[in-house]
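Got the viewer open? Here is a short tour, stop by stop, with something to select at each one.

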Amino acid sequence: MKTISGFRLLFSLYLGLCFYTAPLNAQSWQLQSPIIPLDSNIKAQDNFGMGVALTDSFMLIGSPNHEYDENGDNRMFAAGAAYIFQHDLTGIFAFQKLAAPDRSGAAAYGHEVAMNENWAVVSAFQSPSNSLNGVGQVYIYAQEAGGLWVLDTILAPPQAQAIMQFGISISLYQDALIIGAAREKRDANEQNDLTDAGAAYYYEYDAVQGWQFVQKLVASDRSEDARFGVGVALYDNVICVGAPDQTLDPLTFPIIKGGQVYVYEKDSTSGLFSEVQILRDQSPRSLGAFGTDLALWENELMVGETNEGEYPTGSVPQAGMVEVYQRDATGVWQYEQALVPQDLNQGGLFGRVDLQGDLAIVGAYGTDIGALPTDSIKDGGAAYVFERINDQWQQVDKFAPSDRMSFDKLGDAIAINGSQVLVGGPFSAQDAALFDAGEAWLYQRDFPLTLEPQRAKLKAWPNPVQSELRLEWPEQSIHSIQLFDLYGQSYTVELEHTGPHRLQLSLGHLSPGLYLLSLTSQGGGKAYLRLQKQ
């Protein structure tokens with residue numbers, strides 16, 4: 001089945017302008033571009049950015065409460081959608097919009113996404129199946145020769161149960177996939193019901209038979225309300241599953257919702273996974289939620305616990321923490337260190353994490369503190385950059401765009417690919433009428449601004465602007481200007497040449513909001529600016 005879209009190539013966002021650059025250190029991280037779905041049907045509470053994935057060529061961003069299909073038709077409450085963007089050194093291009101072929105209301109398609117060069121995966125963990133509500137389904141797409149991503153298969157649990165939340169978490173590695181179902185009741189043999197005990201399902205792709213279910217994983221110490229499967233991570237022959245609501249030591253001194261993480265390894269002969277270790281917080285506490293989010297890379301595991309609030313320096317409720325584990329030469333996972341932000345913030349909810357090599361990004365979607373201590377915005381959110389230096393993880397940077405607003409919750413989703421990081425803010429307000437519409441931000445380390453140095457010299461002021469906008473582009477003669485709003489609608493602007501390389505634009509007639517300005521030079525060079533009209 002094909003997903004046809006009228007969404008392709010709506011607009012290109014330039015990557016390297018100074019107006020949205022985070023404070024830089026020696027690592028030279030900077031914001032390339034904010035990303036929004038330039039879709040005529042975006043609306044408040046779409047939650048674009050709830051799920052994010054990033055590859056060398058593409059970005060996949062979920063919008064689980066979006067209401068329209070891939071063609072902008074057939075409105076349906078919270079059916080969900082996902083957007084594919086293509087990116088390279090010249091820009092970011094809206095490429096394709098995805099929606100489930102069997103759309104249903106409140107399915108939350110796009111809540112979680114995953115992507116590599118072969119597959120794009122979108123979960124709808126509230127989707128009905130076999131006439132049961134809230135079962136959940138996972139949609140897998142492959143790229144055809146013409147470039148479009150087309151639906152390859154729809155995965156549903158082998159034995160569906162109502163409200164099992166199949167797809168609440170997913171992790172993709174090459175041609176294998178692990179899917180969490182945090183409210184699953186039954187064990188691996190489909191027996192012994194325990195409310196919200198949870199499970200995880202492992203699938204592999206076979207060139208002849210396609211995607212095949214291989215194994216159902218459950219905790220060896222299953223218990224009610226553990227929500228095993230809220231977090232999952234897959235790398236090579238290792239699977240890790242978080243159960244953040246697991247009660248620890250229930251027969252002695254119960255630690256309510258302390259949380260555990262279960263480690264499974266694959267047997268090379270049978271091809272099946274066996275539980276080899278159970279991890280818990282070094283100092284477990286009630287409501288710590290250890291295992292809320294997981295990131296796995298080679299022999300290293302990072303475990304997010306967003307509700308953690310106890311530190312050597314004292315108590316900071318719900319500031320959050322990430323614990324780091326490494327697999328030693330004997331195959332045992334050992335605790336290494338804890339990651340904590342330098343600016344602990346009560347309610348910061350630090351703990352959304354992704355890991356690749358010597359780079360880790362941790363989102364704190366509840367933090368108020370921005371790039372500077374004086375930049376405090378209620379629940380604006382932020383993402384912290386950690387690098388492994390001399391065998392120790394250290395915070396080296398922090399992402400918090402200067403245009404963030406209250407309750408943006410930047411950092412709710414994180415994806416790393418090489419020297420790029422994609423950060424989701426699903427509650428970002430694109431303007432006053434689009435609260436919780438959502439946004440994402442793409443960051444780049446050591447971006448080669450020298451590729452086209454004249455673009456970095458483009459200046460625009462004041463921004464935000466009330467009436468007159470001034471532009472200066474040294475060594476370039478501006479040939480044409482186009483102005484678009486967030487829906488892709490173009491506007492006519494009056495301009496006046498005030499010097500050889502200077503222009504003044506009259507924008508007083510525009511309604512307040514965010515706009516995108518496209519400039520083309522006489523030599524064919526292009527640059528794009530994001531403007532806020534007051």
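A residue counts as buried under 20% relative accessible area, as exposed over 50%, and as partly exposed in between. Keep that scale in mind for the whole walk, and remember that this is a predicted model.

**Stop 1: a salt bridge between two strands**

Select arginine 327. Its relative accessibility is 24%, so arginine 327 counts as partly exposed. Now add glutamate 265, which is partly exposed too, with a relative accessible area of 23%. The side chains of glutamate 265 and arginine 327 meet in a salt bridge, with 3.2 Å from N to O. Glutamate 265 belongs to strand S17 (residues 260-266) and arginine 327 to strand S23 (residues 321-327), so this pair ties together parts that are 62 residues apart in sequence.

**Stop 2: a salt bridge from a loop to a strand**

Next, pick aspartate 412 and arginine 352. They form a salt bridge whose closest N and O atoms are 4.0 Å apart. This pair also links distant parts of the chain: aspartate 412 is in the loop between strand S28 (392-399) and strand S29 (413-417), while arginine 352 is in strand S25 (residues 350-356), 60 residues apart. Which of the burial classes does aspartate 412 fall into? With a relative accessible area of 10%, aspartate 412 is buried. Arginine 352, at 21% relative accessibility, counts as partly exposed.

**Stop 3: a salt bridge between two loops**

Side chains of opposite charge can pair when their charged atoms come close. For another case, select glutamate 67 and lysine 43, whose side chains meet in a salt bridge at 3.7 Å, N to O. Here the pair connects two loops from distant parts of the chain: glutamate 67 is in the one between strand S4 (58-63) and strand S5 (81-88), and lysine 43 is in the one between strand S2 (29-35) and strand S3 (52-54), 24 residues apart. Buried or exposed? Both glutamate 67 and lysine 43 are buried.

Before moving on, colour Asp46 and Arg75 as well. Salt bridges that share partners join Lys43, Asp46, Glu67 and Arg75 into one network. If you fancy hunting for others later, a search of the whole structure finds 20 salt bridges.

**Stop 4: an aromatic cluster**

Time for some rings. The whole structure has 22 aromatic pairs. Show phenylalanine 166 and tyrosine 201 as sticks: their rings are edge-to-face, 5.4 Å centre to centre with 70 degrees between the planes. Phenylalanine 166 sits in strand S11 (residues 166-173) and tyrosine 201 in strand S13 (residues 199-206), so the pair ties together parts that are 35 residues apart in sequence. Both phenylalanine 166 and tyrosine 201 are buried.

Keep phenylalanine 166 selected and add tyrosine 203. Their ring centres are 6.5 Å apart and their planes are at 75 degrees, so this pair is edge-to-face. Tyrosine 203 lies in strand S13 and phenylalanine 166 in strand S11, so the two tie together parts that are 37 residues apart in sequence. Tyrosine 203 is buried, as is phenylalanine 166. Finish by adding Phe213: Phe166, Tyr201, Tyr203 and Phe213 form one aromatic cluster.

**Stop 5: a charge over a ring**

Jump to phenylalanine 427 and lysine 409. The charged end of lysine 409 sits over the ring of phenylalanine 427, 5.0 Å from its centre.

**Stop 6: a hairpin**

Switch to cartoon view and find strand S7 (residues 109-115). S7 is mostly covered, with six of its seven residues buried. Follow the chain onward: a hairpin of three residues joins S7 to S8. S7 and strand S8 (residues 119-124) run antiparallel, and five bridges join them. To check one register point, select methionine 115, whose bridge partner in S8 is alanine 120.

**Stop 7: a buried lysine**

Last, select lysine 533 in strand S39 (residues 526-533). Lysine 533 has a relative accessible area of 7%, so it is buried. What does lysine 533 touch? Leaving out residues up to four places away in sequence, its contacts include Val465, Leu507, Pro512 and Tyr515. Then look at where the side chain of lysine 533 goes: it reaches the backbone oxygen of glutamine 466 at 3.1 Å and the backbone oxygen of leucine 510 at 3.3 Å. For a final distance, pick the C-alpha atoms of lysine 533 and leucine 514: they are separated by 6.2 Å, although the residues are 19 apart along the chain.

Terms used:
Residues are numbered from 1 along each chain as its sequence is written. This is a predicted model: local features need pLDDT of at least 70, side-chain atom pairs count only at pLDDT 80 or more; totals for chains, interfaces and linings use all residues. Side-chain values use heavy atoms; hydrogens and water are left out. Helices (H or I, at least four residues) and strands (E, at least two) are DSSP runs, numbered from the N terminus. Buried means under 20% relative accessible area, exposed over 50%, partly exposed in between (1.4 Å probe, protein chains only). Rings of Phe, Tyr and Trp (its six-membered ring) pair if their centres lie within 6.5 Å; planes under 30 degrees apart count as stacked, over 60 as edge-to-face and the rest as tilted. A charge sits over a ring if NZ of Lys or CZ of Arg is within 6 Å of the ring centre and within 35 degrees of the ring normal. Two strands pair if DSSP finds at least two bridges between them. Contact means heavy atoms within 4.5 Å. A polar contact is a pair of N or O atoms within 3.5 Å; within protein, one must be able to donate a hydrogen and the other to accept it, and residues adjacent in sequence count only if both atoms are side-chain atoms.
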